[in-house]
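Colleague: Could you take a close look at one part of this model for me, and then show me what surrounds it? A connected account would suit me better than a list.

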Amino acid sequence: HLCTCISVIIMLYYHHMAAINKIKIVLVEKQRTSKWLAEQLGKSENTVSRWCSNKVQPSLENLIEIAKILDIDIHKLITSTKETGL
């Protein structure tokens, strides 16, 4: 049981550390879907979904385009390094 608990703690730690972008949060605030964003960007839904779940990070160019589309400052899309401890 101890091994399982340690594995869960490690998994949660890495999941938290991987939450680098806030695209999903901003989409919810703007009442938009990842499907809508994918259409606006000309990207696949799968690509945007992976960005939203922080499985993969978008390029800086894509973040700039997302910020333009959502009419927000790019900083709103990125988790502060102070928050993540990076």
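**Around one helix and its neighbours**

Modeller: Happy to. Leaving aside its neighbours within four places in sequence, N62 is in contact with K43 and W51, where contact means heavy atoms within 4.5 Å. Please keep in mind that this is a predicted model, in which local features need pLDDT of at least 70 and side-chain atom pairs count only at pLDDT 80 or more, while totals for chains, interfaces and linings use all residues. Residues are numbered from 1 along each chain as its sequence is written, and side-chain values use heavy atoms, with hydrogens and water left out.

N62 sits in helix α5. Is N62 buried or exposed? With a relative accessible area of 16%, N62 is buried; the cut-offs are under 20% for buried, over 50% for exposed and in between for partly exposed, with a 1.4 Å probe and protein chains only.

A step back helps to place this helix. The protein has 6 helices and 0 strands, and along the sequence the pattern reads α-α-α-α-α-α. These elements are DSSP runs numbered from the N terminus, with helices (H or I) of at least four residues and strands (E) of at least two. Of the 86 residues, 27% count as buried. Among contacts with a separation of 6 or more, 63% join residues 24 or more positions apart. About 6,200 Å² is exposed, and carbon and sulfur atoms supply 58% of that area, as computed by the Shrake-Rupley method with a 1.4 Å probe.

Now for the part I would look at most closely, helix α3, which spans residues 34-41. The buried residues of α3 are W36, L37, A38 and L41. An α-helix has 3.6 residues a turn, so residues three or four places apart point the same way. The cover over the buried residues of α3 includes α2 (23-29), α4 and α5.

Take α4 (residues 45-52) to begin with: α3 and α4 pack at an angle of about 120 degrees, and their axes are 8 Å apart. Axes here are lines fitted to C-alpha atoms, for helices over the stretch in contact, and angles run from 0 to 180 degrees between N-to-C directions. That angle makes α3 oblique to α4; under 35 degrees would be roughly parallel, over 145 roughly antiparallel, 65 to 115 roughly perpendicular, and the rest is oblique. From α3, the residues S34, K35, L37, A38 and L41 meet E45, V48, W51 and C52 of α4. By type, the residues of this contact are 6 nonpolar, 1 polar and 2 charged. Nonpolar covers Ala, Val, Leu, Ile, Met, Phe, Trp, Tyr, Cys and Pro, charged covers Asp, Glu, Lys and Arg, and the others, Gly among them, are polar.

Then there is α5 (residues 60-70), whose axis comes within 11 Å of that of α3, with a crossing at roughly 110 degrees. This makes α3 roughly perpendicular to α5. W36, L37, Q40 and L41 in α3 meet E65, I66, I69 and L70 in α5, and that contact divides into 6 nonpolar residues, 1 polar and 1 charged. L37 and L41 therefore turn up in the contact with α4 as well as here, and they also belong to the buried residues of α3.

The ends of α3 are worth a glance too. In the loop between α2 and α3 lies Q31, which has a positive phi of about 55 degrees although it is not a glycine. Q31 counts as exposed, at 75% relative accessibility. After α3 comes G42, with a positive phi near 70 degrees.

The loop between α4 and α5 holds N54, another residue other than glycine with a positive phi, near 60 degrees. N54 is buried, at 13% relative accessible area. V56 lies in the loop between α4 and α5 as well, and counts as partly exposed at 30%. Beyond four places in sequence, V56 is in contact with N21, R50 and W51.

Finally, past α5, I74 lies in the loop leading to α6 (81-84). I74 and L63 are 11 residues apart in sequence, with their C-alpha atoms 6.8 Å apart. Setting aside neighbours within four places, I74 is in contact with L60, L63, I64 and A67.
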